[in-house]
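Student: Could you walk me through this model? I'd like the reasoning along with the numbers.

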Amino acid sequence: MIKNMISENIFNWKKNEVYHDIIDSLIAALEAKDNYTKGHSQRVADMTYYVAKLLGIRRQSLEDIHMAAHMHDIGKIGVPDIILNKTTPLNSSEWNTIRTHPQIGYDILFKSRRLNNIAKIVLHHHERWDGEGYPSRLCAEDIPLGSRIIAICDSIDAMTSKRPYREPLTVNECRIEILKNEGKMFDPEIIKCVDKNWERIMAECFTAVQ
């Protein structure tokens, strides 16, 4: 029995390693067309993994959330380069185009049966706790847990990263903004965990260029 368990664990580890390799290749393709994405997906994946572990998530659920975080922006492959690499703020039409990337990402990933759960997490990573997000206007716990974690980590990295049209927030300014959106954009329980462990998370995961 122990031998079978060890064999199964080795098989699952090798299987996840293969999927991570595939994901790395897809992310490399995205980074080739989107300058901002370079490093962003990895930072969000690292932070999401760390926060998910703090929340007690383990085993395959943790792996799925980690892979979804790494792939959360993969749908931007379907967004025109002129919008992705625009150096001035986007207009409303361009924002509407950007907002299609969760659905595009879902459509790409859902083609693999093994990636169905990951596809659903990616689809909903821009939903809001108050139901004002997209694409499905889900609210509260109707939003997959992995999506709720990614939403926070994605926002932290976005706010603390320099963009052509704005300067980054400091770590402390970012923390204030995250706390302001507890119960609005973000799951209150995850925010409490992030706030309680803020210094640890920043020490382990914060590598955005100031």
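What follows is a run of short questions and answers on this predicted model.

Student: How many helices and strands does the protein have?
Tutor: Let's start with the order of elements: from the N terminus on, they run α-α-α-α-α-α-α-α-α-α-α. In the tally of secondary structure that gives eleven helices and zero strands.

Student: And what share of the residues counts as buried?
Tutor: Buried means under 20% relative accessible area. With that cut-off applied to the 210 residues of the protein, the buried share is 45%.

Student: Among contacts between residues at least 6 apart in sequence, what share joins residues at least 24 apart?
Tutor: A contact here needs heavy atoms within 4.5 Å. Take the contacts between residues at least 6 apart, then keep those that join residues at least 24 apart, and you get 64%.

Student: What span does α3 reach from its first C-alpha to its last?
Tutor: Helix α3 covers residues 59-70, which is twelve residues. At 1.5 Å a residue you'd expect 16 Å, and the model comes close to that. The span in the model is 17 Å.

Student: Is α3 mostly covered or mostly open, and how many of its residues are buried?
Tutor: Go through the helix and you'll find buried residues including Leu62, Ile65, Met67 and Ala68. Charged names turn up as well, among them Glu63 and Asp64. So α3 is mostly covered, and its buried count is nine of twelve.

Student: Which residue in α3 has a positive phi although it isn't a glycine?
Tutor: Most residues other than glycine have a negative phi. In helix α3, the residue to look at has phi near 55° and is exposed, with a relative accessible area of 73%. That's arginine 59.

Student: What is the phi of alanine 140?
Tutor: Alanine 140 sits in the loop between α7 and α8. The residue is partly exposed, at 24% relative accessible area. Its phi is positive although it is not a glycine, at about 50°.

Student: Where is the cis peptide bond that leads into proline 135?
Tutor: Most peptide bonds are trans. Proline 135 lies in the loop between α7 and α8. Omega is near 10° for the bond in question, which runs from tyrosine 134 to proline 135.

Student: Are α6 and α7 roughly parallel or antiparallel to each other?
Tutor: Two packed helices are described by the angle between their axes and the distance between the axes. Here the axes of α6 (residues 101-109) and α7 (residues 116-123) come within 8 Å and cross at roughly 175°. Residues that meet include Gln103, Tyr106 and Leu109 in α6, and Ile118, Val122 and Leu123 in α7. Angles over 145 degrees fall in one class, so the two helices are roughly antiparallel.

Student: How many aromatic pairs are there, and how is the pair of tyrosine 106 and phenylalanine 110 arranged?
Tutor: The count comes to one aromatic pair. Tyrosine 106 and phenylalanine 110 have 5.0 Å between centres and 20° between planes. Tyrosine 106 is buried at 18% relative accessible area, whereas phenylalanine 110 is partly exposed at 35%. Planes under 30 degrees apart put a pair in one class, and this pair is stacked.

Student: Why is cysteine 205 in no bond with cysteine 153?
Tutor: The disulfide count is zero, and cysteine 153 is in no disulfide. Both residues are buried, cysteine 153 at 1% relative accessibility and cysteine 205 at 7%. A disulfide needs sulfur atoms within 2.5 Å. The two sulfurs are too far apart for a bond because the distance is 7.6 Å.

Student: Is arginine 148 buried or exposed?
Tutor: Arginine 148 is placed in helix α8 (residues 145-159). Leaving out residues up to four places away in sequence, arginine 148 touches Trp129, Ala140, Glu141, Ile143, Asp187 and Ile190. Its relative accessibility is 11%, so arginine 148 counts as buried.

Student: What distance separates the C-alpha atoms of proline 164 and lysine 86?
Tutor: Proline 164 is in the loop between α8 and α9 and is exposed, at 57% relative accessible area. Along the chain, proline 164 and lysine 86 are 78 residues apart. Their C-alpha separation is 8.4 Å.

Terms used:
Residues numbered from 1 in each chain as written. Predicted model: local features only at pLDDT ≥ 70, side-chain atom pairs only at ≥ 80, totals over all residues. Heavy atoms only, no water. Helix = DSSP H or I, 4+ residues; strand = E, 2+ residues; numbered from the N terminus. Expected span 1.5 Å × (residues − 1). Buried < 20%, exposed > 50% of the residue type's maximum accessible area, 1.4 Å probe, protein only. Phe/Tyr/Trp six-rings, centres within 6.5 Å; stacked < 30°, edge-to-face > 60°. Axes fitted to C-alpha atoms, helices over the stretch in contact; angles between N-to-C directions. Parallel < 35°, antiparallel > 145°, perpendicular 65-115°, else oblique.
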